[in-house]
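Biologist: Could you take me closely through the strands of this model, and the side chains that pack around them? I would like one connected account that I can follow with the structure open beside me.

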Amino acid sequence: MGKLTKNQKLAAGKIEAGKAYSLKEAASLVKEITFTKFDASLDIDVRLGVDPRKANQMVRGVVSLPHGTGKQVRVLVLCTPDAEAAAKEAGADYVGLDEYIEKIKGGWTDIDVIITMPSIMGKIGALGRVLGPRGLMPNPKSGTVTMDVAKAVREVKQGKIDFKVDKSGIVHTSIGKVSFTAEQIRDNAKEFISTLNKLKPTAAKGTYIKSIYLSSTMSAGIKIDPKSVEEI
């Protein structure tokens, strides 16, 4: 391992080894230990007491963060011509159908979210090989396959995100930027964790939320005491 930089040493000195911080403390601390020149993303990692290999223990959902994600989300809407105007008015970055399907077949994926209509899914199925590995495949459960594409665009632009547990039982997502206030970070984290709690599978036994870590793009992870989330 290489030498720690001056800023890394400062950051390491602020985190007490083995300590589980309250969410309130962690929301302030993550700002103090981030020294990037850019507005770093804030990530939260929650380890769940589930076995994702079992269908009845899969955790997947959507959450609208109170203060958004701070990211510019690029949205593509694949829809019928009659819905194009509403999608554009709602703020979609790209709107169309066949021309974008051809672009994606050619390898274009310069987008963050794809929203479409149920009647279009037949055409999009062939794109699974390109979109699936990148997490871009529209899904009714995440609200990205809908008749009301304009509403879906507005929700995504305002901070609605979808998430799912990975093979190792961890849910990872971004909940904001370092430029957010500690209160905004706290609000977003609490809303996300509250949503996870509501999605607890009935088949999950024992401790459901095993650990929570908050970090920025370049910082170390700060361990959070799960019990502290409900105390705010």
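Modeller: Strands β1 and β7 are a good place to begin, for they pair in the antiparallel sense over seven bridges, and please keep in mind throughout that this is a predicted model. β1, which covers residues 41-48, has a second partner in strand β8 (residues 209-216), to which seven bridges join it, again in the antiparallel sense. Val46 lets you find both pairings by eye, because it stands opposite Val171 in β7 and has Ile212 as its bridge partner in β8. β1 is also mostly covered, since six of its eight residues are buried.

From β7 (170-177) you can step back along the chain into the loop that lies between β6 and β7, where Ser168 has its place. Ser168 counts as partly exposed, with a relative accessibility of 44%. Its C-alpha atom is separated by 7.5 Å from that of Pro52, although the two residues are 116 places apart along the chain.

Strand β6 itself carries two residues that deserve a careful look. Lys160 belongs to this strand, and with a relative accessible area of 18% Lys160 falls under the 20% limit and is therefore buried. Leaving aside residues up to four places away in sequence, Lys160 touches Val62, Val63, Ser64, Ser142, Gly143 and Glu155. The second residue, Phe163, belongs to an aromatic pair that I will come to below.

The other sheet to examine is an open one of three strands, in the order β4-β3-β5 and with parallel pairing. β4 (94-96) and β5 (113-116) stand at its edges with a single partner strand each, so one side of each is left without a neighbour in the sheet. On average, neighbouring strands of this sheet are turned by 15° against each other, direction ignored. Strand β3, residues 75-78, is joined to β4 by three bridges, and four bridges join β3 to β5, the strands running parallel in both cases. Two partnerships serve as landmarks here: Leu78 is bridged to Gly96 in β4, while Val77 stands opposite Ile115 in β5.

The side chains of β3 divide between two directions, with Val75 and Val77 pointing one way and Leu76 and Leu78 the other, and all of them are buried. In a regular strand, side chains alternate between the two faces of the sheet. Two helices should be considered together with this sheet. Helix α3 (residues 81-90), taken with β3 and β4, makes a right-handed β-α-β unit. Helix α4, residues 98-105, lies across β3, β4 and β5 and runs at about 115° to β4.

It remains to look at the aromatic side chains, of which a search of the whole structure finds four pairs. The rings of Tyr100 and Trp108 have centres 5.7 Å apart and planes at 35°, so this pair is tilted. Tyr100 is buried at a relative accessible area of 13%, and Trp108 is likewise buried, at 17%. The two do not stand alone, for Tyr94, Tyr100 and Trp108 form one aromatic cluster. The ring of Trp108 has a charged companion as well, since the charged end of Lys103 sits over that ring, 4.2 Å from its centre.

Phe163, mentioned earlier, pairs with Phe192: their ring centres are 5.1 Å apart and their planes stand at 80°, so the pair is edge-to-face. This pair links distant parts of the chain, as Phe163 lies in strand β6 (residues 160-164) and Phe192 in helix α8 (residues 182-198), with their positions 29 residues apart in the numbering. Both of these phenylalanines are buried.

Methods: Residues numbered from 1 in each chain as written. Predicted model: local features only at pLDDT ≥ 70, side-chain atom pairs only at ≥ 80, totals over all residues. Heavy atoms only, no water. Pairing = 2+ DSSP bridges. Axes fitted to C-alpha atoms, helices over the stretch in contact; angles between N-to-C directions. Contact = heavy atoms within 4.5 Å. Buried < 20%, exposed > 50% of the residue type's maximum accessible area, 1.4 Å probe, protein only. Right-handed = clockwise from strand over helix to strand, strands pointing away. Phe/Tyr/Trp six-rings, centres within 6.5 Å; stacked < 30°, edge-to-face > 60°. Lys NZ or Arg CZ within 6 Å of the ring centre and 35° of its normal.
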